[in-house]
2 protein chains.
Amino acid sequence: MKRYKLTIAYDGTAYCGWQRQPDPVPTVQREVEKAAGAIVSHPVSVLGSSRTDTGVHARGQVGAMNVETHLDTERLRKAINSRLPNDILIRQMEEVDLGFDVRTAKRKRYQYCIWSDQDRPVFQRQWAYHYYRRLDIEAMQAACKLFEGEHDFEAFRGQADERENTVRTIFSCSIHRRAELVIFGVEGSGFLYHMVRTMVGTVLEVGNGRRKPECVCEIIASKDRRQAGPCAPAVGLCLQWIRF
Amino acid sequence: MKRYKLTIAYDGTAYCGWQRQPDPVPTVQREVEKAAGAIVSHPVSVLGSSRTDTGVHARGQVGAMNVETHLDTERLRKAINSRLPNDILIRQMEEVDLGFDVRTAKRKRYQYCIWSDQDRPVFQRQWAYHYYRRLDIEAMQAACKLFEGEHDFEAFRGQADERENTVRTIFSCSIHRRAELVIFGVEGSGFLYHMVRTMVGTVLEVGNGRRKPECVCEIIASKDRRQAGPCAPAVGLCLQWIRF
C-alpha cells in the first residue's frame, strides 16, 4: 500500500464541484477516482483538501489516495492522466507518508477573475465573471487590505457552513487590473464556505461606489452575514495552491 | 441603407468555420447574420474578409453588411451582441462608405499557439495545440525569418485552393516561448488556404530536429506541397487582425 499526494488542475465548468455525489452527477472527485481505479484495478478513494463548489476551477487542488501498484510514480501519474477527461489533469504526484492528511493545510491561495468591460468576454468566458459597471480599483485595493490579519469571518460564511470556529487568518489580499481583467487574490490559513466569493461580492460593491472600503471592518465586527455583499458567481473563482 | 464594418471575435471551437453552409451546419457567419437580421428586421448578408476553417478562432475577423436601421452605431452593435451566442462578439462597428470591400485587405496577422509540455493543457485546451516533444525555439525562429519577404507560396497551399496567384508577401514571422506556450505570429499581405497551418507544421519539424531551418528556402523554391510539413491542427490558430 502506497499513499500519494496529488496536485490537480481542473476547469470546473462542466462539474458539480469537487465532492463526489450520487450518480450520475459529474464531479471532479468522481472522475479522478474512476481514472485511478481503472489503472490500479481496485476501488480508489481520493480525499480533497478543498471542496470547491459547482463551476469553481483549480490549478492546485490537493488530493490524497492509497493505492496498490508496482508502477513508478511518474508512470502512474501519466497513466491516470490518460484516463481523465481533458478538463482535469494531475499536475504533480508524490509518494507521501501513510499519515499524510489533506485536512492539515497551512495556507491556501484563491484567485477571482473579473472581466471588467462593457462587452462580455469571449475567450475568458469560462473563468471570469463579467462585470460591466465601472470599478474603482484603488478603493477596492483599500478594502482588500482590511481583510488582512486574524478575524472572525462569521459575516462572510455561507449558511450551509456548520463549522464552529469561524476565525481565520488572511495573510494577504489584493487586487489589480491587467487590461480588461481585474484579478483578486487572497491567501489565508483556510476559508469558510462561500467566504472568498462573499469577500469578492463585497469588494465589488466598494468598486462600484455603493460602499466605502471601511465597510469591511464594520462587516467583520458585525458577525452578521446580512451585512456583507452578495456571493459572487462561481465562474471567476480558482483555487491556486495549497501548502502543508 | 447604411454599410457597416464589423470587427468580430469568436471562439471557433463550436463552429464549422466562418463561411455559411446549408442548415443546420453551425458557422460564425450564419450566427452573425441571424443576430443582425433579427435586430434590423430584414435579411442581412455579412461578407467576411477571411474564411477561417472549422475550429479556427478570431480576435479580429472583419465583416461588412448593409442594413436599414435608425439605431445609432453603438446601440446597433450592442443589440446584435445581445442576440449572439456567448462565443461570438462584435468588438467594433463603424459606418463605412457603401463601396467598402472586405476583400481589399492590405495586411493580416495570424497567431498560432502551441502548448509545449509533457502534460496536455487544461485551461488552454481550446486554443492551443498540444505538442509534447522538445522544441528548439532558436532553430524555429531561424526558420520563421526565412518566410519573410515576397515569395511564391505554392508549396504551402492546401489542395482545395484554386486561386491562381500564389505570390504573397510576409512582412514578419517569428516565434517565442512564454512558459508552456510557444507562440508563432505571422503578418502578411494575404494567405493561401491552409498556408499558416502548413508553415507551422513545417516549423514544428524544424523544432523537433527533423529538418534544418534552411529547408524553408528549399520548400518555397520547390513549389511542391509534398515538400512542406503537415498542416498543423486548427485548434491553435487565431486570426488576430486585418488592416485595410
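Strands here are DSSP runs of E with at least two residues, and helices are runs of H or I with at least four, numbered from the N terminus. With that in hand, Ser49(A) is easy to place: it falls in the loop between β2 and β3 (57–67) of chain A. The model is a predicted one, and everything below should be read in that light.

Although Ser49(A) belongs to a loop, its relative accessibility is 14%, so it counts as buried, the limit being under 20%. What does Ser49(A) touch, leaving aside residues up to four places away in sequence? The list runs to Gln61(A), Val62(A), Val102(A), Ala105(A), Lys108(A), Ile242(A) and Phe244(A). One of these partners, Lys108(A), sits 59 residues from Ser49(A) along the chain, and the two C-alpha atoms are 9.8 Å apart.

Next come the helix pairs of chain A. Two packed helices are described by the angle between their axes and the distance between the axes. For helix α1 (residues 28–40) and helix α2 (residues 73–83) of chain A, the angle is about 125 degrees and the axes lie 8 Å apart. Angles of 65 to 115 degrees count as roughly perpendicular and those over 145 as roughly antiparallel, so α1(A) and α2(A) come out as oblique to each other. Their crossing is right-handed. On the α1(A) side, the residues involved are Ala35(A), Ala36(A), Ala38(A), Ile39(A) and Val40(A). Facing them from α2(A) are Leu76(A), Ala79(A), Ile80(A) and Arg83(A). Sorted by class, this contact between α1(A) and α2(A) holds eight nonpolar residues, one charged residue and no polar ones.

The other pair is helix α3 (residues 137–145) of chain A with helix α4 (residues 195–207) of chain A. Here the packing angle is about 140 degrees, with 8 Å between the axes. Roughly antiparallel would call for an angle over 145 degrees, so α3(A) and α4(A) are again described as oblique. The crossing of α3(A) and α4(A) is right-handed. From α3(A), the contact takes in Ala139(A), Met140(A), Ala143(A) and Cys144(A), and from α4(A) it takes in Val203(A), Leu204(A), Val206(A) and Gly207(A). By class, that makes seven nonpolar residues and one polar residue, with no charged residues.

Cys144(A), one of the α3(A) residues in that contact, also serves as a reference point for Arg178(A). The C-alpha atoms of Cys144(A) and Arg178(A) are 17 Å apart, with their positions 34 residues apart along the chain. Arg178(A) itself is part of strand β8 (residues 167–178) of chain A. Is Arg178(A) buried or exposed? Its relative accessibility is 53%, and it therefore counts as exposed, the cut-off being over 50%.

On to the cysteines: how many disulfides are there over all chains? The count is zero, with a disulfide taken as two cysteine sulfur atoms within 2.5 Å. Why is there no bond between Cys113(B) and Cys238(B)? The closest cysteine sulfur to that of Cys113(B) belongs to Cys238(B), but it is 7.7 Å away, which is too far for a bond. Seen from the other end, the closest cysteine sulfur to that of Cys238(B) is the one in Cys113(B), at 7.7 Å. Cys113(B) is buried at 11% relative accessibility, and Cys238(B) is buried as well, with a relative accessible area of 8%.

The backbone has some points of its own. In chain A, the peptide bond from Asp23(A) to Pro24(A) is cis, with omega near -5 degrees. Pro24(A) is found in the loop between β1 (2–10) and α1 of chain A. In chain B, Asp23(B) and Pro24(B) are likewise joined by a cis peptide bond, and omega is about -5 degrees. Pro24(B) is placed in the loop between β1 (2–10) and α1 (28–40) of chain B.

Positive phi values in residues other than glycine turn up at Ser41(A), where phi is near 60 degrees, and at Lys223(A), where phi is near 55 degrees. Ser41(A) is in the loop between α1 and β2 (47–48) of chain A, and at 65% relative accessibility it counts as exposed. Lys223(A) is in the loop between α5 (215–222) and β10 (237–243) of chain A. With a relative accessible area of 47%, Lys223(A) is partly exposed.

Key
Residues are numbered from 1 along each chain as its sequence is written. Chains are lettered from A and ligands numbered from 1 in the order in which they are written. This is a predicted model: local features need pLDDT of at least 70, side-chain atom pairs count only at pLDDT 80 or more; totals for chains, interfaces and linings use all residues. Side-chain values use heavy atoms; hydrogens and water are left out. Axes are lines fitted to C-alpha atoms, for helices over the stretch in contact, and angles run from 0 to 180 degrees between N-to-C directions. Angles under 35 degrees count as roughly parallel, over 145 as roughly antiparallel, 65 to 115 as roughly perpendicular and the rest as oblique. A crossing is left-handed if the near helix is turned anticlockwise from the far one by less than a right angle, and right-handed if clockwise. Contact means heavy atoms within 4.5 Å. Ala, Val, Leu, Ile, Met, Phe, Trp, Tyr, Cys and Pro count as nonpolar, Asp, Glu, Lys and Arg as charged, and the others, Gly among them, as polar. Buried means under 20% relative accessible area, exposed over 50%, partly exposed in between (1.4 Å probe, protein chains only).
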